[in-house]
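Please find below a short colleague's note, set out as numbered points, to be read alongside the sequence and the model.

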Amino acid sequence: MITVHHLNESRSTRVIWLLEELKMPFEVEHHQRDENTKLAPSSLGKVHPLNKAPVIEHNGHVLCESGAVLEYILDQSSEGLLRPAKGDDTYYAYLEWLHFAEGSLGLPVITYLLMQMETRTGDAPLDGYIGKELNLDLAYIDETLAKRPYFASDAFSAADIMMTISLEIADNLKLLDNRPHIQAFLTRVQARPAYQKARAFG
């Protein structure tokens, strides 16, 4: 059975959501952020030296990084669900979006989040760069979702799970107010029973 080390208010929700979608057995070890610093507790560092979530343990493997964890879990499933076959025309679109969430989109969204936490006076050099990157990424995402209901194709996939959590962070930062297709996508995926079960873990 897969053990998920779940940190509250973190992207480890992705892992639980995927496991719920696949109906795979798992157990959750909860870790709570420090209420003042919002940092992960030392208990998570005893599992993996990076002291970050998500982390899973399974068959002697201790694995972190959301994309790698999701791919590992998909490899454990024999049913071939939530990921196009490598010969499928949509496979590389799936792969692009799976990595886009923590790559192109992750940097500006998380940087913007951190910028909101600090006391700022006037414009800083980073403001223009982050604003440009956010606008470019979110416009690309919104245009993609105007053409199809999910990122890789007309079918829901693990790439949508990866992208949802990043887009929810953007939404909480009020970055999606003029992105109707992203908003419609979030409403659609948040209605999935597996998503709602995953969110119940905190």
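Which residues make the nonpolar surface patch of about 290 Å²?

1. The model is a predicted one, and the patch in question is formed by Leu-107, Leu-126 and Tyr-129. Of these residues, Leu-126 belongs to helix 6, which covers residues 125-147.

2. Leu-126 has a relative accessible area of 42% and is therefore classed as partly exposed, since that class lies between the 20% limit for buried and the 50% limit for exposed residues. A residue must have over 30% relative accessible area to be counted in a patch, and Leu-126, at 42%, satisfies that cut-off.

3. Turning to the sheet, 4 strands are arranged in the order 2-1-3-4, and the sheet is open, with mixed pairing. Its edges are formed by strand 2 (26-31) and strand 4 (61-64), each of which pairs on one side only, and from one strand to the next the twist averages 20°.

4. Strand 3 (residues 55-58) and strand 4 run antiparallel and are joined by 4 bridges; within this pairing, Ile-56 has Leu-63 of strand 4 as its bridge partner.

5. Two helices should be considered together with the sheet. Helix 1 (residues 13-22) lies across strand 1 (2-7), strand 2 and strand 3, and runs at about 140° to strand 1. Helix 3 (residues 66-76) also packs on the sheet, where it touches strand 1, strand 3 and strand 4, and its direction makes about 135° with that of strand 4.

Technical notes
Residues numbered from 1 in each chain as written. Predicted model: local features only at pLDDT ≥ 70, side-chain atom pairs only at ≥ 80, totals over all residues. Heavy atoms only, no water. Patch = residues over 30% accessible without salt bridge, like charges linked within 9 Å, V, L, I, M, F, W, Y side chains within 5 Å. Areas by Shrake-Rupley, 256 points an atom, 1.4 Å probe, with all protein chains shown as cover. Salt bridge = Lys/Arg side-chain N within 4 Å of Asp/Glu carboxyl O. Buried < 20%, exposed > 50% of the residue type's maximum accessible area, 1.4 Å probe, protein only. Pairing = 2+ DSSP bridges. Axes fitted to C-alpha atoms, helices over the stretch in contact; angles between N-to-C directions. Contact = heavy atoms within 4.5 Å.
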